[in-house]
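Have your viewer ready and your selection box open. We will go from stop to stop, with something to select at each.

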Amino acid sequence: MEEIMMLRPKEVVCKWVDAFNDHDVEAIVSLYHDNATNHQVTNEPVIGIEAIREMFTTEFTTADMTAIVENIFEDGQWAILEWRDPLGLRGCGFFHVVNGKILFQRGYWDKLSFLKQHNLPIE
């Protein structure tokens, strides 16, 4: 029987960044548990893999987003991503990785700056 190597939280986040930068929704979604929660604190939590798929699909059609990794830290089942984008926006994400997949994600970033940079309507 083939042994399956479980990805460590830092490895999962590296794969997440690559998929995010490729705007590959299916690759991103494959990194989440079916009942995962993605909570970008400027928005309501998004719960479940279908809702997460819909969120990324919508976001990638709304704005051209890129995450440039500044740091990735790992502590137990958690990985922390500190990022910036080409326009200078900065943020961080906390990823709770259980059995090689993201169960919970929380992100912190400045929504007002993001909306202004991308010429999107301010809510």
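The tour below visits a pocket, a core, the cysteines and two loops.

This is a predicted model, in which local features need pLDDT of at least 70, side-chain atom pairs count only at pLDDT 80 or more, and totals for chains, interfaces and linings use all residues. Residues are numbered from 1 along each chain as its sequence is written, and side-chain values use heavy atoms, with hydrogens and water left out.

**The pocket**

Select Gln-40, Glu-59, Met-65, Trp-109 and Phe-114: of the 33 residues lining the largest pocket, these are the closest to its centre. The volume of this pocket is about 640 Å³. Here a pocket is an open set of points on a 1 Å grid over the protein atoms alone, where a 1.4 Å probe fits, with protein on both sides within 12 Å along at least five of seven lines; lining residues have an atom within 4 Å of a point. The volume is the space filled by probe spheres set on the points, which are joined across faces, edges and corners.

Now colour helix H3 (49–62), which gives the most to the lining, five residues. Helices (H or I, at least four residues) and strands (E, at least two) are DSSP runs, numbered from the N terminus.

**The core**

Next, select Trp-16, Tyr-32 and Phe-56, the residues with the most contacts inside the largest nonpolar core, a set of 33 residues. Such a core joins buried Ala, Val, Leu, Ile, Met, Phe, Trp, Tyr and Cys residues through side-chain atoms within 4.5 Å. Buried means under 20% relative accessible area, exposed over 50%, and partly exposed in between (1.4 Å probe, protein chains only). H1 supplies the largest share of this core, six residues.

Stay on Phe-56 and show what surrounds it. Leaving aside neighbours within four places in sequence, Phe-56 is in contact (heavy atoms within 4.5 Å) with Trp-16, Phe-20, Val-25, Ile-28, Tyr-32 and Asn-38.

**The cysteines**

How many disulfides does a search of the whole structure find? Zero, taking a disulfide as a pair of cysteine sulfur atoms within 2.5 Å. Select Cys-14: the nearest cysteine sulfur, that of Cys-92, is 16 Å away. Cys-14 is partly exposed, at 34% relative accessibility, and Cys-92 is partly exposed at 22%.

**Two loops**

Finish with His-23, in the loop between H1 and H2. Its phi is near 55°, a positive value in a residue other than glycine. Then jump to Asn-99, in the loop between E5 and E6. Asn-99 also has a positive phi, of about 55°, although it is not a glycine, and it is exposed, with a relative accessible area of 58%.
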